[in-house]
Amino acid sequence: MHLGSSRMAEIIFLDRNWQKDRSCIVNQVAEISQYFNPVWILLFPEGTRFTPTKHKESVEFAKMRGVTPLEHLLIPRTKGFVLSIQAIKESGYKIRAIYDTTIAFDTGPGTNAPTFRNVLKGLPVKAQLHVTRIPMEEVPTEETACEAWLHNLFAKKDRLLDEFQRNGTFRGRTVRFPRRVYTLINEVFWTSLVLGTIFFYLVYRASPLLTAVVVAVAGGVSFVLPHLLNVTVATKGSSYGKKSTAAATQPKDS
């Protein structure tokens, strides 16, 4: 089911059926590329989260395809990327560059893992971003060349992460963004306004039944939230790309 809020955010939904997804990618990328205002298209070529199991499968896949295995990343899925590049170029180059972004988290002693649970607890999570601007003209359009270009890019990203693990930082010019007091003031203001309004309504305006229902719902959310947060643990990877046992053992028609 496609959520309305996600549709409004211009998320391109796929059905894992190439015949359907091909036209979907071409049409929606072309539509987004024609917007009057500047736009971004965010793409994760890996297609899923990194887990030890998925990494093992990725290494095996790379060896079967004659591609150099990656140590810190999964082998990228090239079909959607190639088609997106072709659609962007055919639409008139409204999107003029790729911003290749590699993120690494400080996981040394005394640091906190990058989980949603730690963020909600207010625990600091330190990360570094390595960003490289690649003009769209440098990206090949032909399918085989574009696939090779993407594999080469991921090999470079893998070496970057290897250097980060050894040195604790990326090479190149460093830009640090200081904390802004305005962000804290804005957050405190809107949180106080919203919660204060709700509290005032429940205490002075709402019926006892409505107040009890709201309290019960809030308690239920507090109870369920820890279980939902468990989903953000990296080891809880999705089943994307996996085949069921029945499908794997079913013999092919001769």
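The paragraphs below lead through a predicted model, beginning with one helix and moving on to its charged and aromatic pairs.

A good place to start is helix α6, which covers residues 143-167. With 25 residues at 1.5 Å a residue, this helix should span 36 Å, and because its end C-alpha atoms lie 36 Å apart, the expected span and the model agree. At the start of the helix, a side-chain oxygen of E142 comes to within 3.1 Å of the backbone nitrogen of T144. At the other end, α6 is followed by G168, a residue whose phi is positive, near 80 degrees.

Between these two ends, a number of residues of α6 are buried, including C146, W149, L150, L153, F154, L160, L161 and F164. The list of buried residues in α6 also holds charged residues, among them K157, D158 and E163. As for what they meet, the buried residues of the helix pack against α4 (78-90), and also against the strands β1 (97-105) and β2 (127-135).

How many salt bridges does a search of the whole structure find? The search finds three, and each can be followed in turn. One of them joins the side chains of K157 and D100, with a distance of 2.8 Å from N to O. Since K157 belongs to helix α6 and D100 to strand β1, this pair ties together parts that are 57 residues apart in sequence. Both partners, K157 and D100, are buried. K157 has a further neighbour within reach, for its charged end sits over the ring of F154, at 5.7 Å from the centre of that ring.

Another salt bridge is formed by the side chains of D162 and R166, which meet at 2.5 Å, N to O. These two residues are four apart in helix α6, and they are therefore separated by about one helical turn. D162 has a relative accessibility of 24%, so it counts as partly exposed, whereas R166, at 55%, counts as exposed.

The remaining pair brings together the side chains of R171 and E163, at 3.0 Å from N to O. Are these two partners buried or exposed? R171 is exposed, because its relative accessible area is 58%, while E163, with a relative accessibility of 16%, counts as buried because the cut-off for that class is under 20%.

Turning to the aromatic rings, the count of aromatic pairs comes to five. One of these is formed by W40 and Y99, whose rings are 5.4 Å apart from centre to centre, with 45 degrees between their planes, a tilted arrangement. This pair links distant parts of the chain, as W40 lies in the loop between α2 (18-33) and α3 (52-65) and Y99 lies in strand β1, 59 residues apart. W40 counts as exposed, given its relative accessibility of 71%, and Y99, at 39%, counts as partly exposed.

A further pair is made by F189 and W190, whose ring centres are 5.1 Å apart and whose planes stand at 80 degrees, so that the pair is edge-to-face. Here F189 is partly exposed, with a relative accessible area of 48%, and W190 is likewise partly exposed, with a relative accessible area of 47%.

Strand β1 thus enters the account by more than one route: the buried residues of α6 pack against it, its residue D100 pairs with K157 of the helix, and its residue Y99 pairs with W40 of the loop between α2 and α3.

Note on methods
Residues are numbered from 1 along each chain as its sequence is written. This is a predicted model: local features need pLDDT of at least 70, side-chain atom pairs count only at pLDDT 80 or more; totals for chains, interfaces and linings use all residues. Side-chain values use heavy atoms; hydrogens and water are left out. The expected span of a helix is 1.5 Å times one less than its number of residues. Buried means under 20% relative accessible area, exposed over 50%, partly exposed in between (1.4 Å probe, protein chains only). Contact means heavy atoms within 4.5 Å. A polar contact is a pair of N or O atoms within 3.5 Å; within protein, one must be able to donate a hydrogen and the other to accept it, and residues adjacent in sequence count only if both atoms are side-chain atoms. A salt bridge is a side-chain nitrogen of Lys or Arg within 4 Å of a carboxyl oxygen of Asp or Glu. Rings of Phe, Tyr and Trp (its six-membered ring) pair if their centres lie within 6.5 Å; planes under 30 degrees apart count as stacked, over 60 as edge-to-face and the rest as tilted. A charge sits over a ring if NZ of Lys or CZ of Arg is within 6 Å of the ring centre and within 35 degrees of the ring normal.
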